[in-house]
Amino acid sequence: MRKKLFVVIAVLAALGVAPAFAQAASITITKAGFVPATVKIAPGESIVWTNSDTTDHQVSSAKASLTSPVIHAGQTYSFMFATAGNFSVKDLIDKRFKAGTVSVVAGPASGQSV
């Protein structure tokens with residue numbers, strides 16, 4: 001089975017066709033906020049938040065039904081966005097500057113900053 005999968009991937013690569021695997025975009029949580037603050041992805045892709053700050057944070061989006069656990073310094077949290085739309089995202093612990101937008105659009109987006 002593995003050999004067949006390898007052959008299929010090799011043939012697709014030779015033809016210049018990339019297999020469709022769900023991808024993840026990255027957002028870094030800093031003292032100043034989310035970096036980048038706005039990300040564009042396709043439905044089925046994920047966002048990975050990495051806490052590069054020294055304090056705890058908690059990512060939330062009411063529209064996306066997203067509430068992360070507390071993300072401690074150095075930890076990550078991932079969430080897959082299944083449907084298209086614009087989702088406001090905020091930090092429930094530090095509300096001063098930590099806010100952003102995830103735009104989920106049809107077509108390949110692959111974690112582009114907008």
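## A walk through a strand-rich chain

The secondary structure of this chain comes to one helix and 10 strands. Please keep in mind as you look around that the model is predicted. Reading from the N terminus, the order of elements is α-β-β-β-β-β-β-β-β-β-β, so the helix is followed by the strands, with helices and strands taken as DSSP runs. The chain has 114 residues, of which 32% count as buried.

A good place to start is β1. Which of its side chains are buried? A25, I27 and I29 point to one face and are buried, while A24, S26 and T28 point to the other face and are not. The general pattern behind this is familiar: in a regular strand the side chains alternate between the two faces of the sheet.

Now look at what lies beside β1. Strands β1 and β4 pair in the parallel sense, over six bridges. Within this pairing, I27 has W49 in β4 as its bridge partner. Strand β1 also pairs with β2, here in the antiparallel sense and over two bridges, and T28 stands opposite V35 in β2. Together, β1 and β2 form a hairpin with four residues between them. If you check the backbone in that turn, G33 has a positive phi of about 145 degrees.

The loop of this hairpin also brings us to the charged side chains. Side chains of opposite charge can pair when their charged atoms come close. How many salt bridges does the model have? The count comes to two. In one of them, the side chains of K31 and D53 meet at 3.0 Å, N to O. This pair links distant parts of the chain: K31 sits in the loop between β1 (24-29) and β2 (34-35), D53 sits in the loop between β4 (46-51) and β5 (59-61), and the two are 22 residues apart. Are these two partners buried or exposed? K31 counts as exposed because its relative accessibility is 54%, whereas D53 is buried because its relative accessible area is 6%.

The side chains of K98 and D94 also meet in a salt bridge, at 2.9 Å, N to O. Here K98 counts as buried because its relative accessibility is 1%, and D94 is buried too, with a relative accessible area of 11%.

Staying in this part of the sequence, turn to I93, which lies in the loop between β8 (85-91) and β9 (99-104). I93 is partly exposed because its relative accessible area is 46%. Along with V70 and L92, I93 forms a nonpolar patch on the surface, and these residues have about 210 Å² of accessible area together.

Next come the aromatic rings. A pair of aromatic rings is described by the distance of the centres and the angle of the planes. The model has three aromatic pairs by count. W49, already met as the bridge partner of I27, forms a stacked pair with Y77, at 6.3 Å centre to centre and with 25 degrees between the planes. This pair also links distant parts of the chain: W49 is in strand β4 and Y77 is in strand β7 (residues 76-80), 28 residues apart. Both W49 and Y77 are buried. F79 and F81 form an edge-to-face pair, with 4.9 Å centre to centre and 80 degrees between the planes. F79 is buried because its relative accessible area is 17%, and F81 is buried because its relative accessible area is 1%.

What do the ring pairs link into a cluster? They join F79, F81 and F87. There is a charge to add to this picture: K63 lies over the face of F87, at 5.4 Å from the ring centre.

To finish, return to β4, the strand that holds S46. S46 counts as buried because its relative accessibility is 14%. Although S46 and M80 are 34 residues apart in sequence, they are 4.0 Å apart in space, C-alpha to C-alpha.

Note on methods:
Residues numbered from 1 in each chain as written. Predicted model: local features only at pLDDT ≥ 70, side-chain atom pairs only at ≥ 80, totals over all residues. Heavy atoms only, no water. Salt bridge = Lys/Arg side-chain N within 4 Å of Asp/Glu carboxyl O. Buried < 20%, exposed > 50% of the residue type's maximum accessible area, 1.4 Å probe, protein only. Patch = residues over 30% accessible without salt bridge, like charges linked within 9 Å, V, L, I, M, F, W, Y side chains within 5 Å. Areas by Shrake-Rupley, 256 points an atom, 1.4 Å probe, with all protein chains shown as cover. Pairing = 2+ DSSP bridges. Phe/Tyr/Trp six-rings, centres within 6.5 Å; stacked < 30°, edge-to-face > 60°. Lys NZ or Arg CZ within 6 Å of the ring centre and 35° of its normal.
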